[in-house]
Amino acid sequence: MTEEVLQYLKENRDAQLNVLHNFLSIPSISTDSSHKQDVNKAAEFVADYLNSISFDKVEIQETKGHPLVYGEWLGAGEDAPTVLLYGHYDVQPAEPLELWESEPFEPEIRDGRLYARGSSDDKGQVFMHLAVFEAFIKTKGALPINVKVCIEGEEEIGSENLYAILKEKKDLFQADFAVISDSGMVASGQPTILYGLKGFTGLEFTLQGPSSDLHSGLYGGAVRNPAMAMAHLLASLKDEDEVVQVEGFYDDVEPLTEEERSLIAAVPGEDYQQSTGVTKTVSEKGYTAKEHTMARPTLEINGLFGGYQGEGTKTIIPASATAKMTCRLVPGQEPDKIQDLLIKHLEKYVPTGVTLNVKREALSAKAYKVDPNHELIKKAAESYAKAFGKETVFVRMGGSIPVVEWIDAIYNIPIVLLGFGTPEDRLHSPNESFPLESFDKGLETLVHYWNAVKMK
């Protein structure tokens, strides 16, 4: 059944790449208000494509920010499952423009890669699904499953309005399972099942000392230095073995099973010296670097500032010092509870002579994990292997995708993360690209997958 569909994709590859070229040419930068018309144009592109391939219903739904595209094709019947496909058409800003080797919104193919902003994150991966839907409908007259499509325009600015829409219109978006292609593989050409994501939360906190910067010769030894106080406070959060010292931080963490440790061990290891420049990795005592990044919680300082930042020396006691801190969470940990524990720790260990002011990170998310032995996951792994000619590896990712947790919380359905990006794609950076191998084999993977899950 799939051969005719695959042949259609092969014969129409150049035409599809031309359509994708047009999609990528739209500078749909959601964070920049001057590109609002471009964002709307990208939404219209998606809606027009769905209409052109005969979806039953297509709507551009207005939000308080950028529009969301909803589409459905429900002709497979009640015996077939319904999938909710999520993706986004908005992109990151392209700056710094001088670091691009080609124009970010003038797609160009070089050395087997398609270069353009959004080529990997997420326009290229969204388009692959639409192209496969077209191939099924043009060759078979129907899709093997029922499909609902949710393509938003605010992912790069935190999906500000999506949660409310998914909750308000629960019946409209209801499905048997969800598929998201906004992720990647652990290595080029290595099929990868992402079965878990970390949660996220954080704080920004300031230590306020004197009302203004002070002369260090006149006040040093009498007035607490907020920068030094911050150093002491930060040092109390984690020991040299990368073990977080915040009381209760690990209380709700689900233990890492031997089965999962075996899955993680089978994942190709990263050459950290080559990819990051560091000569030695550090991880939580008792866990490998892969285990820590994929499946154990982390606490990191993301920004630290206070005092004089200019050239040379300025002999002051700064008035304040500020730190930005985030935590990646694992199943069992609640973001609000972790924030409470962090604040309690900071209040307990803040040095005398300074005042602590804390700002909670508003955007938080729980961790997500699906059973790697779930039938939908196994079929995805088999579909990957057919297309790429390699056994699929199973990973949990250190990053967070809030919409995954929202879909899980609202709909309580399995979520399959079918990503085709690679570590070399340079997401959010100059010269973002997507390998044509991932495009071709990804299309084949999706054909196999939709055919494999066509019956409940």
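Which residue in E16 is the bridge partner of Leu-197? Met-397 takes that place. This is a predicted model, and the pairing of Leu-197 makes a good way into its strands.

**Strand E8 and its partners**

Leu-197 belongs to strand E8, which spans residues 192-197. E8 is mostly covered, with six of its six residues buried. Strand E16 (residues 393-397) runs parallel to E8, and five bridges join the two. Besides the pair made by Leu-197 and Met-397, Ile-193 has Phe-394 as its bridge partner in E16. E16 is mostly covered too, as four of its five residues are buried.

E8 also pairs with strand E15 (residues 368-369), this time in an antiparallel way and through two bridges. Leu-197 takes part here as well: its bridge partner in E15 is Tyr-368. Here are the two pairings of E8 next to each other.

| Partner of E8 | Residues | Direction | Bridges | Partner of Leu-197 |
|---|---|---|---|---|
| E16 | 393-397 | parallel | five | Met-397 |
| E15 | 368-369 | antiparallel | two | Tyr-368 |

**Helix H14**

Let us move along to helix H14, residues 402-411. Eight of its 10 residues are buried, so H14 is largely enclosed by the rest of the structure. The buried residues are Pro-402, Val-403, Val-404, Glu-405, Trp-406, Ile-407, Ile-410 and Tyr-411. Just after the helix, Asn-412 has a positive phi of about 50°.

**The nonpolar cores**

Two residues of H14 come up again in the largest nonpolar core: Val-403 and Ile-407 are among the residues with the most contacts inside it. The others in that group are Phe-55, Phe-133, Phe-173, Tyr-449 and Trp-450, and the core as a whole has 100 residues. Helix H4 (residues 123-140) provides the largest share of this core, 10 residues. Apart from this core lies another, of 24 residues, including Leu-207, Leu-237, Val-246 and Leu-342. In soluble globular proteins, nonpolar side chains tend to be buried together.

Tyr-449 deserves a look of its own. Once its neighbours within four places in sequence are set aside, Tyr-449 is in contact with Phe-177, Val-179, Leu-376, Lys-379, Ala-380, Ser-383, Val-416 and Leu-418.

**Cavities and a pocket**

What about the empty space? The structure holds three cavities of 30 Å³ or more, and the largest cavity has about 50 Å³ of space. Its lining is made up of Glu-254, Pro-255, Leu-256, Glu-260, Ala-295, Val-330, Pro-331, Lys-369 and Arg-396. By class, five of these lining residues are nonpolar and four are charged, with no polar ones. Two of them lead back to the strands described above: Lys-369 falls in E15, and Arg-396 falls in E16.

The second largest pocket encloses about 430 Å³ of space. Of the 15 residues that line this pocket, Lys-198, His-292, Thr-293, Thr-298 and Glu-300 are the closest to its centre. Helix H11 (289-295), strand E11 (298-305) and strand E13 (320-329) are the elements that give two or more residues to the lining. H11 gives the most, with three residues. The lining of the second largest pocket divides into eight polar, four charged and three nonpolar residues.

Methods:
Residues are numbered from 1 along each chain as its sequence is written. This is a predicted model: local features need pLDDT of at least 70, side-chain atom pairs count only at pLDDT 80 or more; totals for chains, interfaces and linings use all residues. Side-chain values use heavy atoms; hydrogens and water are left out. On a 1 Å grid over the protein atoms alone, a cavity is a set of points where a 1.4 Å probe fits but cannot get out, and a pocket is an open set with protein on both sides within 12 Å along at least five of seven lines; lining residues have an atom within 4 Å of a point. Grid points are joined across faces, edges and corners, and a volume is the space filled by probe spheres set on the points. Ala, Val, Leu, Ile, Met, Phe, Trp, Tyr, Cys and Pro count as nonpolar, Asp, Glu, Lys and Arg as charged, and the others, Gly among them, as polar. Buried means under 20% relative accessible area, exposed over 50%, partly exposed in between (1.4 Å probe, protein chains only). Two strands pair if DSSP finds at least two bridges between them. A nonpolar core is a set of buried Ala, Val, Leu, Ile, Met, Phe, Trp, Tyr and Cys residues joined through side-chain atoms within 4.5 Å. Contact means heavy atoms within 4.5 Å.
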